[in-house]
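Trainee: I'm new to this structure and would like a close look at one strand. Could you take me through it slowly, and then show me what lies around it?

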Amino acid sequence: MTGGMILRGLEVEQVRRFGDAVRLTGLGPGINLLGAPNEFGKSTLLAALRAVFLLPHGSKARPIADLQPYGGRGAPRIVVDFTLDGGDWRLEKRFMRRAFARLEGGGERLDGDAAEARLQDLLGVEAGKRGAEAMGLLNALWVTQGQSLVQPDLSDPARATIRSCLEADLDAMTGGDAAGRVLSRVTADLAVLLDGRGNPRGRFRAAKEGEQEAAAELARLETRRQGLEDDLNAMADLRRRLAHEDDADRREKERANLAEAGRVRDRLRDYDARYRAARAVRDHAAAQLAAVRQDLAGRAAWERDLAAGTARVAELEAALQAAQGAHDAAGAAHAARLEAVRVADAGRQAARRALDLAAGRVERARLVRERREAAAALDRLDEAARAVTQAAAELDACTIDDARMGAIRKAERALDAARAASRAQATTLDVTLADGARGRLVLDGQALESGRIVVTDNAVLRIEGIGTIRIEPASHGRDALRADLAGAEEVLRRALAVAGCADIAGAEAALAARRQAELAFQAARTVLGGLLAGADQVPATAMEAARRRLADLDVRIARIGEADDGTDDPLAVLEAARKAMEAAEARYDAAHRALLAPDETMRRAAEDLARLRAEWQVARDGAAQLARDLEAARAVEADEALSARLAAGHEAAERAEQALVRIEETRPEGTEALADAAIQRLERTIQDGHARLAALRQEMAAREARIRAAEGDGLDERIAAQERLRAAHAAEDAACVREVAILQCLRDAVAAAERAATERYLAPLARAIQPALGALFPRAVATVEADFSISALSRRIDEPFVNLSDGTREQIAVLARLGLADLMQARGRPAMLVLDDALTYADSGRLDRMFDILTEAAGRLQILILTCRTELFTGLGARRLAVEPVGGEAAEGH
Amino acid sequence: MRLLHTSDWQIGKVFRFADDDILPVLQQERLEAIGRIGRLARAQGAECVVVAGDIYDHLRPSERTLRQPVERMRQFPDLRWHLIPGNHDFNERDGLWERLARTGLPDHIVPHLAHAPAPLDAAGTAWVLPAGLGHRHVIGDPTAWMDGTATPEGAIRVGLAHGSVRSFGEEAPGHNLLAIDRARQAGLSYLALGDWHGAQKIDARTWYSGTPEVDGFDLGGAGGGQALLVSLDGPRAEPVVESHAVGRFRWARAQAVLTCADDIVALEGRLRAIDPDDPSRVLVWLAVSGALGLSDLEGWQARIVDGLGSALRLLRIDGAPGLAPSSDDLDAFGPGGAVRAAAETLARQAGEGDEAARAIAAAALQRLYLLARDGAGGLA
């Protein structure tokens, strides 16, 4: 290893978890590996390394604050020993309290800011602003945990460093910095005129907006000027119209016309009044004449009416006399017919009485016959009823009937059955008595005869002379049988008792007697039933009804009374009486009809008489009234006077007509309505003229006010000023457009030139990376950008960096750093690579190749690898580092 | 009698090319000219001043602009100021002149709005026949009425009119066109005209006074900045007319073709010589062409654009010298490196493509030249 930067030792105290001083030991050229578990403090050591080299001792920036021990305030102290270009250096810094910096080496010892300045000079970095990290390429090479995936973020000084490294190689290549300066200056100048989106800003925008505003204002002013022109034109027009309206001659003529029209109308009105008066006179005369004529006609009509009325009275008187005669004759005829009716009625009454008598007789005979029949029926009924009663009594006397007979027979059969059963179980004694023995054998006190004896119960057989034998039948249920037998006997006895019979034969006889009694009772009932009205009628009721009918007939007979000595046949008498009655009725009807017919004649005669009498009276009164009225009228005005009045009326009417004709001849031209219309029109013309005049003056005043206001504004002047302003803004805008075009043209030219130059001088960087890249990705070529980042990897096709896998991106990032470090190393700049937890994404094949690449590079520069996965790096053959307390035991990380 | 003839004050005029610093100065100087005219009249014993129209530049000036010239004239009550409306401030109904009347003009300021003769001086030795304009463009000769209009016997007739005695092209044929021999036809001793901004004698009795303070780079005639002192000894006597300078600013047009450093030096000398005593009274409109190397371009920028631009009241430049970079120029960027490469690119772009792109590239190259030099603390 020639030259370069070699870290020899690192000591920290009061840095995060390292409270007491510890030292990283084992550092040397080539690959150095610190393998330690998480939380060991690897990243702390890297932070301390960055701090001591890159942060000024007086800094209180965040990275320094972060270095303070956990949970307390301390003063981090860091010491580093390193070799640079063959010379040994020791750098010590304390931060926060009692901060200091000291650099020793090359035979000199520097403190404080002098040490810092010398250090920056040695490292080729620029001081950071306000206590921040110094900026240079080392920052990019010392990768902290988590940044290994991204490519180095190069600060301006870092880029300058790279550029200076590259330019040193190409003596001919100058002006890169100058181009950068020009570009930044042009960009800054452009930024004054254009914003980020390329829109105008600043004076450019002000010019554009000013032009628009001025144009808008100009439009407003032009509009106002147009308004003013309009007002002025309108004003001139108004003046003309005012002059026209205000013409005195015209107005005088209008007034004269009005006066003349008034006179015409007055004449018309005067004529009209006179005409109306004459016509009224004429109408009055005509009315008078008509009245006289009417009076005359009325008087003639009166006279005619009077004559007619008198004639009518005489006519009616004659008719009245004839009617009276007719009426009297009718009255006499009527009286005669009345008398005839009365006689016929008397005859009719007598015939009625004879008829009634005959009818009574016939009725009595019928009733007597009826009574006889009723008495006989009652007797038959009584007899039948008695027979039934007797038969019933006989039947009731019978004690036996079929039911009782049935019971007796049933008991008998039961007794027989019981006896049979008893016998069947009994002890049978076949007794054969020896001669002479009779009587000697006694059973239960009863002497036995020969023959079979059945002993059904315990018995004592005494044989005389012998003794007694006690017999006990050995039958089962002997007691029960005995009880059954006794029961059956008792039942039979009781049945017979009920039937009132001594024995069964008696019972049979009694039953036959009962059958006979029943037959007799049925026969009696049949007889009685035939006499009764209905099946449900009780004999007593029937008999009571028969008796009542008898009594009724007796009453009716009594009512008719005793029969006269009727020798004649009552029916023949009745027939004769009925015929006499019919004749009397016929006679009465005839008389009555005769009475009715003459009644109509009588009524008509009376009506005629009354009507004629009334008419006569009316005619007589009317004629008298007419005569009186005529007299009265003539008394007031005699017929001669009336004739004279008629003549005078005629004359007056003639005169009035002539006067009217004369007036009509003086009629003026036109009508009053026309004259009025003319007057109204003329008046309106004059009034309108006044109104128009007032309106014109008013409008003129308004226009004038507006004109004065507009003129006071100096519109023309303001328009000219505004036009100038707009032109000025337009010129400014054009200048800005031109300026922008110039700047853009310049920017494009410089940027293009710089890009071209960069591409040329980037070639060494690409060359520096290429061997390692080729080793890792065969046949791949990296695209290096002007900002020294690798933007793409070309294998068969271009692959943008961001699209590559995490592992590939990480490996390229490491290669890029390696390339940059190589470049610096080759130019004699201090370079050293730190990888913190890097290459964890690599597969084993890639990892092996990376090891080869790192090992090869380690021949040129020191590489420090911090990892928590030591096993991955066993094949690397690296130096193993340890952290030891200063003056204590070793605490190797692995 | 003596009178002072002036016109075209154009008070309130706005100069579009002027920036906010220069504009008020130019406008103010137009007002100051009134005072100089008054003082000149007094000094020369003139009794009255005739102003031949265009007192105002705008028909509708602001109230302050309206009153400012009146207030200047008010300072000279011993002079009678006769005013007529011109085409810029024509007598519009309800317009400027009515406003002016409403402000209450002093007796010695006499606006003539009607075409009717009026005494010019208090004694009545001279009468003015005013032909002010009632419209911006009047069809027919507004001075024609002067021929048949009588004035008191023996009085000096002075015509006062605004318009052109000849037609300029087709754009305004015959507008406000005045008979060129009106003075003779109407028997005028003197016809005082306004409208042309450069003073001009038409004939012995017919003059344009021009504007008293120059307001443009091409005024024609004798240029602007004068007033005419007119002496009239009688109705028949030929007037004696003297031109007096009353303007302050000098307006000049210049052209230059620049190809080398010497051209720049010569141009600078030429422009500074316009008014060596006070360059701040000079306004220049310069048209430039030609092409320069990078260092000469720097010289152009330094001597003309920055140097003269600061010395003169106004330096308006049309065009710019092009870039003709030499190999020496490129060597100034060093023998190699990115900046040199960029400069070569820009030099190539400045020589090819369309005009606009070339100009931009040339400017960019010039900028690069400056930046590289500033950055390097001197070219390599």
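Mentor: Let's go to strand E8 of chain B, residues 190-194, which is mostly covered: five of its five residues are buried. Keep in mind as you look that this is a predicted model. Here, buried means under 20% relative accessible area.

Now look at which way the side chains go. In a regular strand they alternate between the two faces of the sheet. In E8(B), Tyr190(B), Ala192(B) and Gly194(B) point one way, while Leu191(B) and Leu193(B) point the other way, and all of them are buried.

Next, the neighbours. Strands of a sheet pair through backbone hydrogen bonds, and the pairing can be parallel or antiparallel. Strand E7 of chain B, residues 156-162, runs parallel to E8(B), and five bridges join the two. To find your way there, start from Tyr190(B) in E8(B): Val158(B) stands opposite. E8(B) also pairs with strand E10 of chain B, residues 206-208, again in the parallel sense, this time over three bridges. On that side, use Leu191(B) as your marker, with Thr206(B) of E10(B) standing opposite.

Let's zoom out to the rest of the chain. Chain B has nine helices and 16 strands. Its radius of gyration is 27 Å, well over the 21 Å that the globule rule gives for 380 residues, so chain B is more spread out than a compact globule. You can get a feel for that from the box its C-alpha atoms fill, roughly 95 × 40 × 40 Å along the principal axes. Of the 380 residues in chain B, 53% count as buried. As for contacts in chain B with a separation of 6 or more, 70% of them are between residues 24 or more positions apart. The accessible surface of chain B comes to about 15300 Å², and carbon and sulfur atoms account for 49% of that.

How is chain B divided up? The domain assignment gives domain 1 as 2-245 and domain 2 as 250-376. In the contact between them, domain 1 of chain B supplies 10 residues and domain 2 of chain B supplies nine. Their C-alpha centres lie 45 Å apart. UniProt, in an unreviewed entry, also places the feature "domain: Calcineurin-like phosphoesterase" at residues 1-95 of chain B. Over that stretch of chain B, 37% is helix and 14% is strand, and the end C-alpha atoms are 34 Å apart.

For a sheet with another kind of pairing, hop over to chain A. There, an open sheet of four strands has the order E11-E10-E13-E14, with antiparallel pairing. Its edge strands are E11 (446-447) and E14 (467-471) of chain A, each pairing on one side only. Further in, strand E10 (residues 441-443) of chain A runs antiparallel to strand E13 (residues 459-463) of chain A, joined by three bridges. Leu441(A) has Ile463(A) in E13(A) as its bridge partner.

Chain A has its own domain assignment: domain 1 is 5-154 + 789-892, and domain 2 is 427-472. The C-alpha centres of these two domains of chain A lie 167 Å apart. UniProt, again in an unreviewed entry, lists "coiled-coil region" at residues 211-238 and 679-713 of chain A. Residues 211-238 of chain A are 100% helix, with end C-alpha atoms 39 Å apart. Residues 679-713 of chain A are 97% helix, and there the end C-alpha atoms are 51 Å apart.

Key
Residues numbered from 1 in each chain as written. Chains lettered and ligands numbered in written order. Predicted model: local features only at pLDDT ≥ 70, side-chain atom pairs only at ≥ 80, totals over all residues. Heavy atoms only, no water. UniProt positions renumbered as here; feature names shortened; annotations may be inferred. Domains from an automatic or database assignment. Rg over C-alpha atoms; globule rule 2.2 N^0.38 Å. Buried < 20%, exposed > 50% of the residue type's maximum accessible area, 1.4 Å probe, protein only. Contact = heavy atoms within 4.5 Å. Areas by Shrake-Rupley, 256 points an atom, 1.4 Å probe, with all protein chains shown as cover. Pairing = 2+ DSSP bridges.
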